[in-house]
Amino acid sequence: LLTNVTSIAVKEAMLNIADGQPLGSDPEISLSEAPALIDLGSAFSLSRSLAYALSVAIYVLPLISAFGLSANNKFAPSFKATVLNAAAEQIESEVFLYRSRV
C-alpha cells in the first residue's frame, strides 16, 4: 500500500510539473512560486528543472530509439547481403542436385 501511494504521489507531481499546473492542493501557488525542491516522499526529492528534463526524456528517448532501430533495419547492408548470399547458395545447390539427378 505504501509503494502504491508513493507511486501515485510521484505520478501526480510529475504531471503537475510537466503541465505547469499548480503544485499541491493550494491552487494559488503557481509553478514559479513553488519551492525549488519537490519532495516526493522520504525516498528522494527532485528539482523542478530536473523533473521537467526527466519528463521530456521519457517521451523523446523512445522516439529516438524507435527511429534508430527502424533506420538500422532498413539500411543494414551486411544483413541483407548475408541473406542474399544464403539464398544464392540454396538456389545453386538445387540446380546441382537437379543436374546430378539426385
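This tour proceeds from the whole chain to its second helix, a surface patch, and finally the third helix.

**The whole chain.** Begin with the entire chain selected, bearing in mind that the model is predicted. Colouring by secondary structure will show three helices and two strands. Followed along the sequence, these elements occur in the order α-β-β-α-α. Switch next to a surface display: the chain exposes about 8300 Å², of which carbon and sulfur atoms supply 67%. Of its 102 residues, 11% count as buried. If contacts are displayed between residues at least 6 apart in sequence, 31% of them join residues at least 24 apart.

**Helix H2.** Select residues 48–74, which make up helix H2. The helix contains 27 residues, and the distance from its first C-alpha to its last is 39 Å, close to the 39 Å expected at 1.5 Å a residue. Centre the view on Ala57, where H2 bends by about 30 degrees.

**Ile58 and the nonpolar patch.** Move to Ile58, which also belongs to H2. Is this side chain buried or exposed? Ile58 has a relative accessible area of 54%, and because the threshold for exposed is over 50%, Ile58 counts as exposed. Now add Tyr52, Val56, Tyr59, Val60, Leu61 and Ile64 to the selection; together with Ile58 they form a nonpolar patch on the surface. The accessible area of this patch is about 720 Å² in total.

**Helix H3 and the residue beyond.** Select residues 77–99, helix H3. How far apart should its end C-alpha atoms be? The helix has 23 residues, so at 1.5 Å a residue it should span 33 Å; the end C-alpha atoms are indeed 33 Å apart, in agreement with that expectation. Finish at Arg101, which follows H3 and has a positive phi, near 55 degrees.

Conventions. Residues are numbered from 1 along each chain as its sequence is written. This is a predicted model: local features need pLDDT of at least 70, side-chain atom pairs count only at pLDDT 80 or more; totals for chains, interfaces and linings use all residues. Side-chain values use heavy atoms; hydrogens and water are left out. Patches are made of residues with over 30% relative accessible area and no salt bridge: like charges are joined within 9 Å, nonpolar side chains (Val, Leu, Ile, Met, Phe, Trp, Tyr) within 5 Å. Accessible areas come from the Shrake-Rupley method with a 1.4 Å probe; for residues, only the protein chains shown count as cover. A salt bridge is a side-chain nitrogen of Lys or Arg within 4 Å of a carboxyl oxygen of Asp or Glu. Helices (H or I, at least four residues) and strands (E, at least two) are DSSP runs, numbered from the N terminus. Buried means under 20% relative accessible area, exposed over 50%, partly exposed in between (1.4 Å probe, protein chains only). The expected span of a helix is 1.5 Å times one less than its number of residues. The bend at a residue is the angle between axes fitted to the seven residues ending there and the seven starting there. Contact means heavy atoms within 4.5 Å.
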